[in-house]
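I opened a fresh notebook page for this one. Here is what I looked up, in the order I got to it.

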Amino acid sequence: QVQLVESGGGLVQPGGSLRLSCGASASIFSIDVMGWYRQAPGKQRELVAEVSKAGGTKYGDNVKGRFTISVDNAKNMMYLQMNSLKPDDTAVYYCNARKLRVGGYLDYWGQGTQVTVSS
């Protein structure tokens, strides 16, 4: 079982920056993939960014070049630095931890943190 707690959301003007944080109750070394997802009203949850245990990263097309995912293994923390924010980035952002299993995987989710980009 992995518990995840996000923080850092809020209201920001277009063009501004925010940094989201996600604390994990288990060692990040025990997690195969960690990521950020977001869900806007009326839309499906979508991948924002993920990082594998090996260090490989993947970003959603809408955030490439603006967002950066990182992890601090010593603190069991994951971060999402968001720059050049746009109104379309408004959503609830969720922290995800994925453990791979034979034939599948286990997903753990945080409670979400609201990000609102508006003037």
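Charges came up before anything else. I counted 13 positive and 9 negative side chains on the protein chain. I also checked where the two sets sit, and their centres lie 2 Å apart. I keep in mind that this is a predicted model.

Next I turned to the surface. The protein chain exposes about 6400 Å², and carbon and sulfur atoms supply 48% of that area. Of the 119 residues, 42% count as buried.

Then I looked at secondary structure. I found eleven strands and zero helices in the protein chain, so my note on the order of elements, read from the N terminus, is just β-β-β-β-β-β-β-β-β-β-β.

What about overall dimensions? I boxed the C-alpha atoms along the principal axes and got roughly 45 × 30 × 25 Å. The radius of gyration is 14 Å, which agrees with a compact globule, because a globule of 119 residues would come out near 14 Å.

I checked contacts too. Among those with a separation of 6 or more, 54% are between residues 24 or more positions apart.

My last lookup was sulfur. Which cysteines form a disulfide? Cys22 and Cys95 do, with their sulfur atoms 1.9 Å apart, and the structure holds one disulfide. The pair links distant parts of the chain: Cys22 belongs to strand S3 (residues 18-24) and Cys95 to strand S9 (residues 91-101), 73 residues apart. I read -70 degrees about the S-S bond, a left-handed link. Are these two cysteines buried or exposed? Both Cys22 and Cys95 are buried.

Terms used
Residues numbered from 1 in each chain as written. Predicted model: local features only at pLDDT ≥ 70, side-chain atom pairs only at ≥ 80, totals over all residues. Heavy atoms only, no water. Helix = DSSP H or I, 4+ residues; strand = E, 2+ residues; numbered from the N terminus. Rg over C-alpha atoms; globule rule 2.2 N^0.38 Å. Buried < 20%, exposed > 50% of the residue type's maximum accessible area, 1.4 Å probe, protein only. Contact = heavy atoms within 4.5 Å. Areas by Shrake-Rupley, 256 points an atom, 1.4 Å probe, with all protein chains shown as cover. Lys, Arg positive; Asp, Glu negative; His and termini not counted. Charge placed at Lys NZ, Arg CZ, Asp CG, Glu CD. Disulfide = S-S within 2.5 Å.
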